[in-house]
Amino acid sequence: MAHQAAGIVLRDIGDVNAGVRELRAALRLARRTGSAEREADVLGSLGTALVHAGRTADGLAAFDRAIRLSSGVLRGRVLHRRGIVLWILGRFPAALNDFRRAVSALQRAGDQVWTARALSGRGLVYLGLGSPARADADFVAAGRLYAGTGQELEAVHTVFNRATVAFRSGDLPAALSFLDEAAFRYGSLNVPTPFLSLDRCAVLLAAGLASEALAEADAAIGDIEQIHGQSTKKAELLLMAANCALAAAQPQAALDRARTAYRLFQSQQSAWGQAHAGLALAQARHAAGPVSAQLLRAASQAAVRLEALGSAEATQAHLLGGRVALDLGRRDEADRHLSTAAQSRRGPEMARASGWLCEALRAEAAADPRRLLAACRRGLAVLDEFQFTLGASELRAQATAHGAELAVLAQRHAVRAHRPRLLLTWSERWRATALAVPPVRPPAGAGFADSLAALREITGRLEDARRQGRPSAALQRQQQRLERSVRATSLRARGAPNSAHSVVNIPQLLDQLGTAQLIEIIDLDGVLHVLSCGAGRVRQFTAGRTEHAIRASDFARFALRRLARSRPGDNLDGALGILRAVGPQLQDALLGPAAGDLGDRPVVVVPPGKLHAIPWALIPALSGRAFSVAPSAGAWLRAHSASPPSRPHVTLARGPGLVTEGAEVPLIAHLYDDVTVLGGAEATAGRVLSALDGAWLGHIAAHGSFRADSPMFSSLRMCDGPLTVYDFEQLDRAPYRLVLSSCDSGVQAPAGADELLGLVSSLLPLGTAGIAASVVPVNDYAVVPLMVGLHRYLRAGHNLAESMCNVRLDLTGDQIQQATASSFVTLGAG
């Protein structure tokens with residue numbers, strides 16, 4: 001019994017081979033006792049360990065002998081163990097039969113602990129067979145039995161399993177809540193959790209966080225290799241990592257992981273694993289290119305094997321087969337695959353959306369635009385349901401990646417048909433949708449505000465330690481822990497599933513534009529298409545290539561950074577020469593012939609997410625006019641219709657450590673009557689947020705930090721620490737207008753299909769009409785006169801776009817000031 005217990009512990013903590021050695025020793029001793037029950041019990045433990053070690057035939061043979069030797073309660077326990085192994089191997093019908101027999105035998109005997117175990121196992125099988133409601137009922141019943149018998153570890157297993165049910169049912173916030181609870185309780189018991197990584201990766205993938213999911217999967221694989229852990233679990237993690245790499249557009253990484261997973265599943269004789277790894281291999285080969293008849297055969301074989309197993313992934317295999325067949329010009333074969341896959345338009349949102357994608361691809365191949373657009377419309381409507389179950393703006397933004405191909409199919413048709421209004425409709429349909437409604441705040445009792453306050457305090461101490469050269473590793477670890485806690489709490493927020501996506505009304509848009517012209521830029525297959533909207537019409541133009549626009553923008557941003565960091569006496573000819581040359585290049589790439597359609601009207605620019613950080617004022621057609629930049633035409637309409645507060649209250653704040661000490665703030669304060677000025681110890685994050693809430697105008701002079709690795713932690717530095725995007729999302733009503741004079745304050749991270757995450761985007765859903773912010777670092781001294789001039793024009797009744805234009809025209813004598821003015825953009829409706 002001691003050897004058996006040691007073997008079970010070694011097996012379960014991951015040292016499978018050592019566990020097998022202990023269990024073989026236990027088996028030899030059990031046989032010497034002459035007790036059939038002792039031998040059967042040890043054989044059940046050994047069978048599980050052998051399968052985990054990749055020796056499936058030996059493991060199942062051990063189980064067969066154990067069942068022959070056992071009866072009553074012991075047989076129920078052995079059936080439970082074999083059911084778990086059969087579930088791991090993907091043999092669901094056989095596993096379900098074992099668990100039903102086990103539950104019946106153990107309930108009759110009154111064995112509560114093992115009944116709970118058998119219920120948990122049966123729940124896992126129900127999940128595999130696509131019955132989440134039955135699975136959840138079994139997990140809840142098992143949890144009650146475990147709690148009543150003091151089984152802490154196994155009670156946590158049921159929480160983890162309920163996370164899987166929530167995920168399979170499409171409830172990501174609930175899945176994340178269960179996973180976080182399970183992780184905390186496992187941590188309290190000091191239990192390794194590579195299996196937890198599997199489900200967390202699946203949830204992150206569904207949320208569109210592919211790179212994060214891949215990093216988690218690879219870390220779990222490293223952990224399991226370090227402790228020589230379960231071969232079965234390593235294979236599953238490798239398969240998950242392959243799928244994560246595919247979603248992260250890393251086909252070679254996907255190929256490497258899928259090949260290794262396939263070999264492991266093959267050695268384990270896992271039909272389920274081989275079929276799913278085979279699909280991942282075929283998908284990775286398709287992503288890496290080129291297509292071939294051999295690849296089509298692999299996709300078809302994967303579909304047959306997955307269908308035989310009853311796997312929902314058969315739909316993805318048929319979708320792949322349809323894509324490859326279309327690329328090879330085999331229309332009939334493509335239609336067979338796609339029509340089969342399209343039958344998945346029932347069930348969870350992701351499966352339904354995938355089914356509508358298949359229908360859209362069939363319609364495109366058949367040159368049936370009406371059917372194509374109907375399928376795209378239905379598919380995106382399904383994803384709307386999914387997106388609005390998510391409360392966090394980050395999740396909403398990232399989740400739009402699932403609908404990108406549906407939107408692109410409709411846009412391609414509109415471009416080919418040269419129907420500009422149709423192109424505008426479909427470009428708006430899946431652009432900046434996460435900004436359509438404010439994020440849902442975490443519940444008051446979730447400790448979110450306390451975590452944000454703790455994060456500010458630790459970050460402030462960390463910055464002080466680094467500045468003074470003191471050790472900071474422990475503080476950095478605390479900062480990272482608090483950031484994880486804040487983000488996890490935010491991601492768990494539930495959305496409002498009944499929210500409806502508002503479609504832009506084009507006649508209303510054209511009417512609201514008045515004398516302004518809206519320029520919407522669409523990136524389609526690497527080519528920029530421009531819609532010029534105004535004076536009651538929408539015109540369509542083709543501009544340059546996306547890569548050329550990005551290259552010109554990189555040169556422009558480099559030159560502006562160089563000028564921002566310059567000192568008296570520096571030779572600036574190179575940087576100034578770049579700026580003179582790059583303006584026309586940006587215009588050709590981004591606007592093309594549409595630049596000639598602008599007349600002398602004010603302009604609203606709606607670029608793709610990846611092109612938002614361009615210094616738009618360098619473009620000759622824009623530099624001398626009032627213009628603003630918006631994430632979408634719909635976002636501009638909402639900002640345009642925002643009502644100013646009845647009281648024209650102004651809030652001015654300056655953070656610590658500025659070279660000029662926020663010198664513009666006292667100069668600006670004299671321009672207004674109803675003004676609150678916060679500086680020094682008064683400029684805490686809490687007081688600044690409170691003063692900004694519902695203000696007519698806000699101005700913050702503070703160090704800005706853009707976090708490309710985690711945009712929601714982009715921040716402005718207040719006296720007590722960073723004021724992050726999460727903090728801004730707690731406002732009841734954002735200031736009507738806001739000026740951010742810090743470096744990079746207008747930089748936002750592209751996310752999902754065509755979404756943005758950052759300081760600016762967090763304020764637009766909360767009632768802000770316009771924001772002035774920089775898209776590159778700026779010269780601290782040059783900012784002061786620029787900001788004072790901007791506020792003089794605002795005080796005189798101009799909007800932000802008009803005021804920024806006037807300031808640019810005023811600063812004609814000083815090249816550094818001109819460059820600084822070109823570094824700022826007006827976002828929203830001005």
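Start by selecting Ser566, in the loop between α27 (546–564) and α28 (573–590). Helices here are DSSP runs of H or I with at least four residues, strands are E runs of at least two, and both are numbered from the N terminus. This is a predicted model, where local features need pLDDT of at least 70, side-chain atom pairs count only at pLDDT 80 or more, and totals for chains, interfaces and linings use all residues. Residues are numbered from 1 along each chain as its sequence is written, and side-chain values use heavy atoms, with hydrogens and water left out.

**Stop 1: Ser566**

Stay on Ser566. It is buried, with a relative accessible area of 12%. Buried means under 20% relative accessible area, exposed means over 50%, and partly exposed lies in between, for a 1.4 Å probe and protein chains only. Now show the side chain. It reaches the backbone oxygen of Leu563 at 2.7 Å. That is a polar contact: a pair of N or O atoms within 3.5 Å, where within protein one must be able to donate a hydrogen and the other to accept it, and residues adjacent in sequence count only if both atoms are side-chain atoms. Which residues does Ser566 touch beyond its neighbours within four places in sequence? Select Leu572, Asn779 and Ile816. Contact means heavy atoms within 4.5 Å.

**Stop 2: strand β1 and its partners**

Select residues 517–524, strand β1. Of its 8 residues, 7 are buried, so β1 is largely enclosed by the rest of the structure. Add β2, residues 527–534. β1 and β2 pair in the antiparallel sense over 7 bridges. Two strands pair if DSSP finds at least two bridges between them. Look for Leu518, which stands opposite Cys533 in β2. The two strands form a hairpin with 2 residues between them. In that turn, Asp525 has a positive phi of about 55 degrees.

Now add β4, residues 603–606. Does β4 run parallel or antiparallel to β1? The pairing is parallel, over 4 bridges. Click Glu520: its bridge partner in β4 is Val606.

**Stop 3: helix α12**

Move to residues 210–226, helix α12. The expected span of a helix is 1.5 Å times one less than its number of residues. For the 17 residues of α12 that gives 24 Å, and the end C-alpha atoms are 24 Å apart, which agrees. Colour the buried residues: Ala210, Ala213, Leu214, Ala217, Ala220, Ile221 and Ile224. They cover an arc of only 130 degrees around the axis, which puts them on the same side of α12. The arc is that of the directions from the helix axis to the C-beta atoms. What do these residues pack against? Show α11 (194–206), α13 (231–247) and α14 (251–267). Then turn the helix around. The face turned away from the buried side carries the exposed residues Ser211 and Gln226. Just after α12, His228 takes a positive phi of about 55 degrees.

**Stop 4: Val324**

Select Val324 in helix α17, residues 314–327. Val324 is buried, with a relative accessible area of 0%. Leaving aside neighbours within four places in sequence, Val324 is in contact with His286, Val291, Ser292, Leu295 and Leu296. For scale, draw a line to Pro132. Val324 and Pro132 are 33 Å apart, C-alpha to C-alpha, and 192 residues apart in sequence.

**Stop 5: aromatic pairs**

Show the rings of Phe, Tyr and Trp (its six-membered ring), which pair if their centres lie within 6.5 Å; planes under 30 degrees apart count as stacked, over 60 as edge-to-face and the rest as tilted. The count comes to 4 aromatic pairs. Phe265 and Trp272 have ring centres 6.3 Å apart and planes at 80 degrees, so this pair is edge-to-face. Phe265 is buried at 3% relative accessibility. Trp272 is partly exposed, at 23%.

Next, select Phe713 and Tyr726. Their ring centres are 5.1 Å apart and their planes at 65 degrees, so this pair is edge-to-face. Phe713 lies in the loop between β9 (704–705) and β10 (715–718), and Tyr726 in helix α33 (residues 725–728), so the pair ties together parts that are 13 residues apart in sequence. Phe713 is buried at 5%, and Tyr726 is buried at 1%. Add Phe448: Phe448, Phe713 and Tyr726 form one aromatic cluster.

**Stop 6: a sheet of 3 strands**

Finish on the open sheet with the order β9-β10-β11, paired antiparallel. β9 and β11 (721–724) stand at the edges, each with a single partner strand, so one side of each is left without a neighbour in the sheet. β9 and β10 are joined by 2 bridges. Click Ser705 last: its bridge partner in β10 is Ser715.
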